[in-house]
Amino acid sequence: LAAHLHGQRCPPYVINLDPAVHDLPFPANIDIRDTVKYKEVMKQYGLGPNGGIVTSLNLFATRFDQVMKFIEKRQNASKYVIIDTPGQIEVFTWSASGTIITEALASSFPSVVVYVMDTSRSTNPITFMSNMLYACSILYKTKLPFIVVMNKTDIIDHSFAIEWMQDFETFQDALNQETSYVSNLTRSMSLVLDEFYSSLKVVGVSAVLGTGLDDFFLQLSKAVDEYEREYRPEYERLRNTLEKAQNKQKREQLEHLWKDMGSVCVQGNTLPGYDDASAMGPSELILTRGTLEEEEEERESDTDDVDHEVTEESHEEPAFRNFMQEMQMKYQRSSNPNE
């Protein structure tokens with residue numbers, strides 16, 4: 001794919017997600033091996049080969065947001081992004097990191113899953129059915145446009161596989177040569193996959209000779225149209241649902257915060273001098289609290305000032321003035337020993 005696109009003067013952006021590969025036969029713009037050391041992961045976590053690959057992918061997935069930023073920057077320069085995943089299907093497809101990476105890509109870019117199968121090793125109907133079951137499981141797991149690429153057509157033509165997929169009787173005739181229990185299971189499963197075959201895009205290619213790649217890119221353009229027509233609206237709906245749920249959660253948290261702050265204000269309003277603040281919301285109370293406190297301090301800073309203020313106002317009252325004169329006369333008479 002990379003060589004074909006370079007020959008078309010349309011260089012792709014290539015990402016390698018296989019941490020256990022020894023040598024890449026193509027230049028990679030992003031290589032997981034530069035970020036995660038596969039053998040070190042196996043050694044530190046005490047893992048086997050598959051466990052090491054899964055853990056390496058999990059570690060890399062935590063930084064996949066950076067990969068997304070690089071892809072976004074290269075959108076104008078590169079029409080295609082080729083992502084090479086580990087060859088072990090269960091390692092990527094059924095792992096948490098594989099789901100995270102796939103959904104992150106599919107929610108932002110037109111994404112197509114390309115399932116590459118070895119045609120020369122699928123001439124046995126049981127092996128062929130096993131490959132088709134794998135493909136079917138990946139299709140329903142990723143929920144993305146799907147293309148089955150039958151590689152190595154330079155060794156054997158893939159027409160027999162196309163015939164098996166299109167003609168149930170022909171596949172049954174091939175199975176009749178097998179007498180094992182697995183053949184009976186395969187015969188039953190072939191009926192289940194009949195609907196799967198009807199909408200499946202299949203292309204035969206040769207990675208060595210480069211034949212069939214033009215047909216592959218034709219099917220790829222159809223898959224992109226299928227993504228835009230059927231899958232993008234669904235992802236946008238899911239994104240909107242997620243955003244609404246997040247906004248609702250934020251509103252609920254904010255409402256709880258307002259309620260908590262409102263209860264604090266109610267408790268504060270029971271103190272003298274806070275009647276005016278009761279009509280304010282929490283934010284207004286916070287913004288004016290310093291002013292209110294300063295007013296309270298001025299009002300209650302010194303009891304002598306309060307007494308003096310009351311005395312001066314009281315002296316203006318005639319009744320109070322007469323009362324004070326009467327009390328003064330009683331005091332003078334009580335202090336005179338002759339009276």
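**Group meeting: starting from Asn-151**

Okay, let me start with one residue: Asn-151 is buried, at 16% relative accessible area. This is a predicted model, by the way, so please hear everything that follows in that light. Asn-151 sits in strand S5. Who are its neighbours? Leaving out residues up to four places away in sequence, Asn-151 touches Val-116, Met-117, Asp-118 and Thr-119, and also Val-205, Ser-206 and Ala-207. One of those, Ala-207, also shows up in a polar pairing: the Asn-151 side chain reaches the backbone nitrogen of Ala-207 at 3.1 Å.

Let me zoom out for a second. The chain has 339 residues, and 32% of them count as buried. In secondary structure we have 15 helices and six strands. If you take the contacts between residues at least 6 apart in sequence, 66% of them join residues at least 24 apart. And for the surface, the chain exposes about 21800 Å², with carbon and sulfur atoms supplying 53% of that.

Now the inside. Which residues touch the most other members of the largest nonpolar core? In that core of 32 residues, the answer is Phe-128, Phe-146 and Val-148. Several elements give two or more residues to this core: strands S4 (113-118) and S5 (146-151), then helices H7 (125-142), H8 (159-166), H9 (168-175), H11 (194-198) and H12 (213-269). H7 gives the largest share, eight residues.

If you want one residue to click on here, try Phe-146. Again setting aside residues up to four places away in sequence, Phe-146 touches Val-113 and Tyr-115, then Ala-135, Ile-138 and Leu-139, and finally Leu-200 and Lys-201. There's also a second, separate core, with 21 residues, and that one includes Tyr-38, Leu-57, Val-67 and Val-91.

On to charges. Side chains of opposite charge can pair when their charged atoms come close. How many salt bridges does the structure hold? Eight, and I'll walk you through a few.

Begin with Asp-118, which we already met as a neighbour of Asn-151. The Asp-118 side chain makes a salt bridge with Lys-152, at 2.9 Å from N to O. That pair links distant parts of the chain: Asp-118 is in strand S4, Lys-152 is in the loop between S5 and H8, and they are 34 residues apart. So is this bridge buried or exposed? A bit of each side: Asp-118 is buried, because its relative accessible area is 19% and the cut-off is under 20%, while Lys-152 is partly exposed, at 32%.

Next pair: Glu-226 and Lys-201, whose side chains meet at 2.6 Å, N to O. Glu-226 is in helix H12 and Lys-201 is in strand S6 (residues 201-204), so this bridge ties together parts 25 residues apart in sequence. Both partners are buried. And you may remember Lys-201 from the list of residues that Phe-146 touches.

The third one is a local affair. Arg-237 and Glu-234 meet at 2.5 Å, N to O, and both lie in helix H12, three residues apart, which is about one turn of the helix. Arg-237 comes out as partly exposed, with 43% relative accessible area, and Glu-234 is partly exposed too, with 36%. Going back to Asp-118 for a moment, salt bridges with shared partners join Asp-118, Arg-121 and Lys-152 into one network.

Now the outside. There's a nonpolar surface patch of about 330 Å², made by Tyr-181, Val-182 and Leu-185. Leu-185 belongs to helix H10 (residues 181-192) and counts as partly exposed, because its relative accessibility is 45%.

Last item: backbone angles. Arg-9 is not a glycine, yet its phi is positive, at about 55°. Where is Arg-9? In the loop between helix H1 (2-7) and strand S1 (13-16). Arg-9 is exposed, with a relative accessible area of 78%. Lys-143 is another non-glycine residue with a positive phi, near 55°. Lys-143 lies in the loop between H7 and S5, and it is exposed as well, at 53% relative accessible area.

That's my tour. Happy to take questions.

How values were computed. Residues numbered from 1 in each chain as written. Predicted model: local features only at pLDDT ≥ 70, side-chain atom pairs only at ≥ 80, totals over all residues. Heavy atoms only, no water. Core = buried A, V, L, I, M, F, W, Y, C linked by side-chain atoms within 4.5 Å. Buried < 20%, exposed > 50% of the residue type's maximum accessible area, 1.4 Å probe, protein only. Helix = DSSP H or I, 4+ residues; strand = E, 2+ residues; numbered from the N terminus. Contact = heavy atoms within 4.5 Å. Patch = residues over 30% accessible without salt bridge, like charges linked within 9 Å, V, L, I, M, F, W, Y side chains within 5 Å. Areas by Shrake-Rupley, 256 points an atom, 1.4 Å probe, with all protein chains shown as cover. Salt bridge = Lys/Arg side-chain N within 4 Å of Asp/Glu carboxyl O. Polar contact = N/O pair within 3.5 Å; in protein donor to acceptor, adjacent residues only side chain to side chain.
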